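Here's a quick tour of some helix packing, a few buried spots and some backbone oddities. Have the viewer open and follow along.

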Amino acid sequence: MTKLKWGMIGGGEGSQIGPAHRISASLDGHFHLTAGALDIDPAKGKDYAMRLGVAEDRAYGNWQEMLEGERAREDRLDLVTVATPNATHYEISRAFLEAGFHVLCEKPLTMTAEEAEHIVELAEETGRICAVNYGYSGYPLVRQMRAMVAGGELGKVRLIKAEFAHGFHADAEEADNPRIRWRYDPDQAGTSAVFADAGIHAFHMACFVSGQTPAELSADFASMVGDRQLEDDAMINIRLSDGALCRLWTSAIAVGRMHGLTLQVFGEKGGLSWQQQHPEQLHWTPLNGRTQVLERGDSALSPQAVRASRIPIGHAEGMPVAFANIYHDLADVLKAERDGIAADPLARDFPTAMDGLWSMRAIEAAARSAKSRGAWVGL
């Protein structure tokens, strides 16, 4: 099997997200790390790339060098992952799309909705993919939820309860730690902190599973630690396009919550409940019936969930495997394009720039609403 050539920007040695991407991209054998500009320090970035097996002439000091070095090659990259700080996503993604590369960008796609709109337009104009790594949508049982909703098993969706709450920014003594402080600095994080950083995953999951887009929202932001300029806790009510209501809580000060990404969907005919910290099980309760536990790896699940599962039932997979499903989807589409054949329709579930745009619209709308004491704001 000929592997796709993959390049990475950011995600250098010691980063939080870099290893997850490298494990995920290589898991199914579809991608080979061919080029990289991995660190803000050019020498460190080049050295680390070569230690990961990248050839010296494709280990770059920065993304601009990588763009110039790769754009003229006959063996150019098939996909570029952008895993740099938030404020750089737009500039880098735009440059590589304009040069004809497919892109997978870490979330948030951009810092503003206007920038995200430009990326959506650019992807359409160039015919290039711009995917966004809302990687939790790759979990098999999240895709099972989406399939059950789309198949009408819940009937009309009435209510969604979404959470992403942790307590890792609750210590006031750590408020000035540079790894934490930047998240609450408007110049670096934009108009929102915890909603843009964590809650936006819960927002995307609610839209992804329900198949609906947001229509309007009302938000309450709170800054509870020190003199933070941006929120460390938020409650957001969202009215979705087909009438469902989403109640979303996100927090960085919920002491005792380790990760806290959960999703519950309640419809006319039943309800679903899933937790990222217990991702192997999905609880399904039919109306007037008993709660059933659906297990990841069960061959009786939807084709979407079966396709996204690798390890036999009873053995845990986890977050890198969920991320790997985004790469698996992209690989199927890119290989089909290369070979001139139709891609598997199930491979089209990866989040795109349009998902990134809806997220940025939601972030900006939530910030406006919070400043207006929770007034409802349209998207």
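## His328 and its surroundings

His328 sits in helix α11. Keep in mind that this is a predicted model. With a relative accessible area of 16%, His328 is buried, since anything under 20% gets that label. Setting aside neighbours within four places in sequence, its contacts are Asp28, His30, Arg307 and Arg310.

## α1 against α11

The helix that holds His328 also packs against α1. Helix α1 covers residues 18–26 and α11 covers residues 319–339, and their axes lie 8 Å apart at an angle of about 60 degrees. That makes α1 and α11 oblique to each other, and their crossing is right-handed.

On the α1 side, the contact uses Ala20, His21, Ile23, Ser24 and Ala25. These meet Met319, Pro320, Phe323, Ala324 and Tyr327 of α11. Sort the residues of this contact by type and you get eight nonpolar, two polar and no charged.

## α4 against α5

Now for another helix pair. The axes of α4 (residues 89–98) and α5 (residues 113–126) come within 10 Å and cross at roughly 15 degrees. An angle under 35 degrees counts as roughly parallel, so that is how α4 and α5 run relative to each other. Their crossing is left-handed.

Which residues make the contact? From α4 come Tyr90, Ser93, Arg94, Leu97 and Glu98, while α5 brings in Glu115, His118, Ile119, Leu122 and Thr126. The mix in the contact of α4 with α5 is four nonpolar, three polar and three charged.

## Val103 in strand β4

Val103 belongs to strand β4, which spans residues 103–105. How buried is Val103? Its relative accessible area is 0%, so it counts as buried. Leaving out residues up to four places away in sequence, Val103 touches Leu79, Val80, Val82, Ser93, Phe96, Leu97, Ile129, Cys130 and Ala131. Two of the names there, Ser93 and Leu97, also turn up in the contact between α4 and α5.

If you want a distance to click on, try Val103 to Pro320: they are 217 residues apart in sequence, and their C-alpha atoms are 19 Å apart in space.

## Two helices with buried residues

Helix α3 (residues 63–71) has Trp63, Met66, Leu67 and Glu70 buried. These residues span an arc of only 100 degrees around the axis, so they sit on the same side of α3. They pack against β1 (4–10), β2 (31–37), β3 (79–83) and α4.

Helix α6 (residues 140–150) is largely enclosed by the rest of the structure, because nine of its 11 residues are buried. The buried ones are Pro140, Leu141, Val142, Arg143, Gln144, Met145, Ala147, Met148 and Val149. After α6 comes Gly152, with a positive phi near 80 degrees.

## Backbone oddities

There's a cis peptide bond from Lys107 to Pro108, with omega near -5 degrees. Pro108 is part of the loop between β4 and α5.

Two non-glycine residues with positive phi are also worth a look. Asn288 has a phi of about 65 degrees and lies in the loop between β12 (278–286) and β13 (292–295). For Arg373 the value is about 55 degrees, and that residue is in the loop between α12 (353–371) and β14 (377–378).

Are these two buried or exposed? Asn288 counts as exposed at 79% relative accessibility, and Arg373 counts as exposed at 81%.

Note on methods
Residues numbered from 1 in each chain as written. Predicted model: local features only at pLDDT ≥ 70, side-chain atom pairs only at ≥ 80, totals over all residues. Heavy atoms only, no water. Axes fitted to C-alpha atoms, helices over the stretch in contact; angles between N-to-C directions. Helix = DSSP H or I, 4+ residues; strand = E, 2+ residues; numbered from the N terminus. Parallel < 35°, antiparallel > 145°, perpendicular 65-115°, else oblique. Left-handed = near helix turned anticlockwise from the far one by under 90°. Contact = heavy atoms within 4.5 Å. Nonpolar A, V, L, I, M, F, W, Y, C, P; charged D, E, K, R; others polar. Buried < 20%, exposed > 50% of the residue type's maximum accessible area, 1.4 Å probe, protein only. Arc of directions from axis to C-beta.
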